[in-house]
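Me: I am new to this structure and would like a close look at a single part of it. Could you walk me through the salt bridges, step by step?

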Amino acid sequence: MRRDLSSSDAADLLRAERDVQDRLVELGIDMDLDVASMAVVANVFRVASAARGHLERTVLADAELSFTAFTVMWVLWVWGELEPRDLAVDAGVTKGTLTGVIGTLERRRFVVRRRDQLDGRLVRVSLTGSGEALMTSLFARFNAGERRVVAGLDDDESAQLAHLLRKVLRSMEAPADGVA
């Protein structure tokens, strides 16, 4: 029987995780399953998707921004003018995705592309005055939305979770023994 994996109820999630494990065994996938790792990755994905959706609906919808567009603008707001390759890395998107986002933000007059003064082959991206104004007005509401996302955690738990997620990220970036 298929379980609804969209529930955020802890008991439902645990039950669904056990049901997935049981189903994999039924399918003959009875190798040495690392159920704990499977649960961590599934829950990180669920939380990231839920947080992104929540922030898009409650904060970014009024500005008609996607989470990705907000992230690109946030990186430019914090770090200033950047080359697209650096902006893509800092925003966590592919160069192809960034090209489309920059095009949309340019049409809305939130960012501008220009040729580098010293090396005309290079392009640089920066916020416009209206992009800066939008970020200034939006960021406090966005941070309040982030606060709502972690409202179920106390300060120590939030710090611990951030630490553990950074640790997971570092382990993925480190060379693995034969694991891609």
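Reply: Happy to; here is a walk through the salt bridges, with Glu-81 as the guide. This is a predicted model, so local features need pLDDT of at least 70 and side-chain atom pairs count only at pLDDT 80 or more, while totals for chains, interfaces and linings use all residues. Residues are numbered from 1 along each chain as its sequence is written, and side-chain values use heavy atoms, with hydrogens and water left out.

Let us start with the whole picture. A search of the entire structure turns up 8 salt bridges, where a salt bridge is a side-chain nitrogen of Lys or Arg within 4 Å of a carboxyl oxygen of Asp or Glu. Some of the residues join up: Glu-81, Glu-83, Arg-85, Arg-114, Asp-116 and Arg-124 are linked in a network of salt bridges.

Now look at Glu-81 itself. Its side chain meets that of Arg-114 in a salt bridge, at 2.7 Å from N to O. The two residues sit in distant parts of the chain, 33 residues apart: Arg-114 is in strand β1 (residues 111–115), and Glu-81 is in the loop between α3 (67–79) and α4 (84–91). Helices (H or I, at least four residues) and strands (E, at least two) are DSSP runs, numbered from the N terminus.

Glu-81 also forms a salt bridge with Arg-124, at 3.0 Å from N to O. Because Glu-81 lies in the loop between α3 and α4 and Arg-124 in strand β2 (residues 123–127), this pair ties together parts that are 43 residues apart in sequence.

How open are these residues to the surroundings? Here, buried means under 20% relative accessible area, exposed means over 50%, and partly exposed is in between (1.4 Å probe, protein chains only). Glu-81 has a relative accessible area of 25%, so it is partly exposed. Arg-114, at 30%, counts as partly exposed too. Arg-124 has a relative accessibility of 19% and therefore counts as buried.

One more pair is worth a visit. Asp-119 forms a salt bridge with Arg-121, and their closest N and O atoms are 2.8 Å apart. Arg-121 is exposed, because its relative accessible area is 70%.

To retrace the route on your screen, find Glu-81 in the loop between α3 and α4, then follow its salt bridges to Arg-114 and to Arg-124. From there you can look for the other members of the network, which include Glu-83, Arg-85 and Asp-116.
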